[in-house]
Amino acid sequence: MPLLRPADPSGDILPVLSVQSLSSGAEAVARHVLYRLRLLRGEWWEYPDRGNQILRMLQAGRLTAADAQTLSSYFTSYILETEGVFALDEVETTVEGRAFRFSCRLITAEGPASLSISLNDLL
């Protein structure tokens with residue numbers, strides 16, 4: 001995985017002020033996963049077929065605890081398509097009201113990295 005530029009909490013790329021501000025290794029892979037998860041299908045005009053389909057899945061109905069397994073399976077398979085991710089470990093999902101949280105440990109060639117994201121972070 002190449003070096004990744006720094007970004008603010010909303011994902012906007014920041015200027016590189018020093019080489020130490022670049023992400024590398026497992027941290028870069030985890031950040032790449034977050035970038036991929038935040039890209040919804042149809043948002044990128046150049047490649048409208050890229051991005052996750054979570055919004056389309058949620059348009060079909062209201063989020064319930066019964067949907068947790070389906071969403072977890074989708075997130076897992078989508079994350080595994082990311083370059084540099086070999087496996088996921090310690091996958092946990094929770095649904096509280098309309099809030100869905102997914103967390104896991106990414107297994108990469110550079111080592112493990114933690115990932116935790118809420119559905120609200122994506123939409």
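S118 sits in strand 3, where a strand is a DSSP run of E with at least two residues, a helix is a run of H or I with at least four, and both are numbered from the N terminus. Is S118 buried or exposed? With a relative accessible area of 9%, S118 is buried; the cut-offs are under 20% for buried, over 50% for exposed and partly exposed in between, using a 1.4 Å probe and protein chains only. Leaving out residues up to four places away in sequence, S118 touches F100 and R101, and contact here means heavy atoms within 4.5 Å.

Before going on, a word about what you're looking at. This is a predicted model, in which local features need pLDDT of at least 70 and side-chain atom pairs count only at pLDDT 80 or more, while totals for chains, interfaces and linings use all residues. Residues are numbered from 1 along each chain as its sequence is written, and side-chain values use heavy atoms, with hydrogens and water left out.

Now let's follow the strands. Strand 3 covers residues 111-118 and pairs with strand 2, residues 99-108, in the antiparallel sense over 8 bridges. Two strands count as paired if DSSP finds at least two bridges between them. You can pick out some partners by eye: T108 stands opposite G111, and R105 has S114 as its bridge partner. These two strands make a hairpin with 2 residues between them.

On to the other pairing. Strand 1 and strand 2 run antiparallel too, joined by 9 bridges, and A87 faces I107 across that pairing. Strand 1 and strand 2 also form a hairpin with 2 residues between the strands, and there G97 takes a positive phi near 65°.

Strand 1 has something curious of its own. Most residues other than glycine have a negative phi. E90, though, has a phi near 55°, a positive value in a residue other than glycine. You'll find E90 in strand 1, which spans residues 85-96. E90 is exposed, with a relative accessible area of 51%.

For a contrast in burial, go to L106 in strand 2. At 0% relative accessibility, L106 counts as buried. What does L106 touch, leaving aside neighbours within four places in sequence? The contacts of L106 are A30, V33, I79, V85, A87, L88, G111, P112, A113 and L115. Take I79 from that list: I79 and L106 are 27 residues apart along the chain, and their C-alpha atoms are separated by 8.9 Å.

Time to zoom out. The protein chain has 4 helices and 3 strands, and along the sequence they follow the pattern α-α-α-β-β-β-α. The C-alpha trace spans about 45 × 35 × 25 Å along its principal axes. A compact globule of 123 residues would have a radius of gyration near 14 Å, and the protein chain's 15 Å agrees with that. That radius is taken over C-alpha atoms, and the globule rule is 2.2 Å times the number of residues to the power 0.38.

Of the 123 residues, 33% count as buried. Among contacts between residues at least 6 apart in sequence, 44% join residues at least 24 apart.

Finally, the charges. The protein chain has 11 positive and 15 negative side chains, and the centres of the two sets lie 4 Å apart. Lys and Arg count as positive and Asp and Glu as negative, with His and the chain ends not counted; each charge is placed at NZ of Lys, CZ of Arg, CG of Asp or CD of Glu.
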